[in-house]
Amino acid sequence: DVYAYAPYMAGRTPSQLTSVPFSFSSQTDVMWADQNLSTFDFSDKDYNNRGIVIDGGSKNLRFDFHHVLSLLQFQLRIKNSDHPYSGGYSDNTRYYLSSVKMTAKPGTLVESGSLNALTGVFTADDTYVTEQTWNWSQNYPSIPPDGSYAAVFNVLVCPGAFFYGGPHSYANGDYSFRFALYSQEKGYLPYADFPLLASQLGGSGFASGKKYIIQLTFDNYVSSDSTVILKDTYSA
């Protein structure tokens, strides 16, 4: 029998797939497939993931995956892209993201949990993160000099439905982000802070398998506006 899940863990038998660990710090995607379910009906399909005989021949398998987590994708742009600076690429100042600090209210950002890859049930632990920082000392994510958006940073979070002790309804500022930018012309810029509002999430908080595109515009120093776009799903 063949099962599929993520993150992959070597040497596990099917009976050991009932507890695939998740941790926020690893930022690893968590997925399971419909065909893992014992109740999955293969009768009307042209494939079967069960009882495969290893005989050297090719096999036709199919998996329909589900994401457990929610993806926040930050897309950044610079409002004022014209600067009297000739030392940058194409004679424009280049902006880079040097660090992101995520702050969460206590009890709102799940730190760890486990996935039962055979049933699709995810269970969050009663552990939470209040602060996480990502730094780049080289290979900075680059923001275009022409004022267009670039997807420069992703964060995977546990949806509100999976919170220990019951669902969590997102409130204003449960998560906030501090961005540090670096430019060739100005060096390190003052921090720009962004609190994520409940209204920007449609009032329902984060949903499993959904992608939230957060578009931020930086006016040289601070974030001047923001837009959140909900996508039905995100790519593995």
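This short presentation describes aromatic pairs, a small sheet and a polar contact in one protein structure. Please keep in mind that the model is predicted.

Let me begin with the aromatic rings. Across the whole structure, a search finds 20 aromatic pairs. One of them is formed by F74 and F179, whose arrangement is edge-to-face. The ring centres of F74 and F179 lie 5.4 Å apart, and the angle between their planes is 70 degrees. In the sequence these two residues are distant: F74 belongs to strand β5, residues 70–78, and F179 to strand β12, residues 175–183, with 105 residues separating them.

Are F74 and F179 buried or exposed? F74 has a relative accessible area of 0% and is therefore buried. F179 has a relative accessibility of 1%, so F179 is likewise counted as buried, the cut-off for that term being under 20%.

A second pair deserves attention, that of Y175 and F206. Why does this pair count as stacked? The planes of the two rings are 15 degrees apart, with 5.7 Å between their centres, and planes under 30 degrees apart count as stacked. Y175 is in strand β12, whereas F206 is in the loop between β14 (192–195) and β15 (211–219), so this pair ties together parts of the chain 31 residues apart in sequence. Both Y175 and F206 are buried.

To close this part, I return to F74 and F179. Both belong to one aromatic cluster, whose other members are F24, W134, W136, F153, F177, F194 and F218.

I turn now to the sheet. Three strands, in the order β1-β3-β4, make up an open sheet with antiparallel pairing. Which strands stand at its edges? They are β1, residues 5–6, and β4, residues 65–67, each of which pairs on one side only.

Strand β3 comprises residues 31–33 and runs antiparallel to β4, to which 3 bridges join it. Across this pairing, W32 stands opposite H66 of β4.

My last residue is H67, which also lies in strand β4. What is the relative accessibility of H67? The value is 12%, so H67 counts as buried. The side chain of H67 is joined to that of D29 by a polar contact of 3.0 Å.

In summary, the F74 and F179 pair links strands β5 and β12, the Y175 and F206 pair connects β12 with a loop, and the open sheet has β1 and β4 as its edge strands. Thank you for your attention.

Definitions and conventions:
Residues numbered from 1 in each chain as written. Predicted model: local features only at pLDDT ≥ 70, side-chain atom pairs only at ≥ 80, totals over all residues. Heavy atoms only, no water. Phe/Tyr/Trp six-rings, centres within 6.5 Å; stacked < 30°, edge-to-face > 60°. Helix = DSSP H or I, 4+ residues; strand = E, 2+ residues; numbered from the N terminus. Buried < 20%, exposed > 50% of the residue type's maximum accessible area, 1.4 Å probe, protein only. Pairing = 2+ DSSP bridges. Polar contact = N/O pair within 3.5 Å; in protein donor to acceptor, adjacent residues only side chain to side chain.
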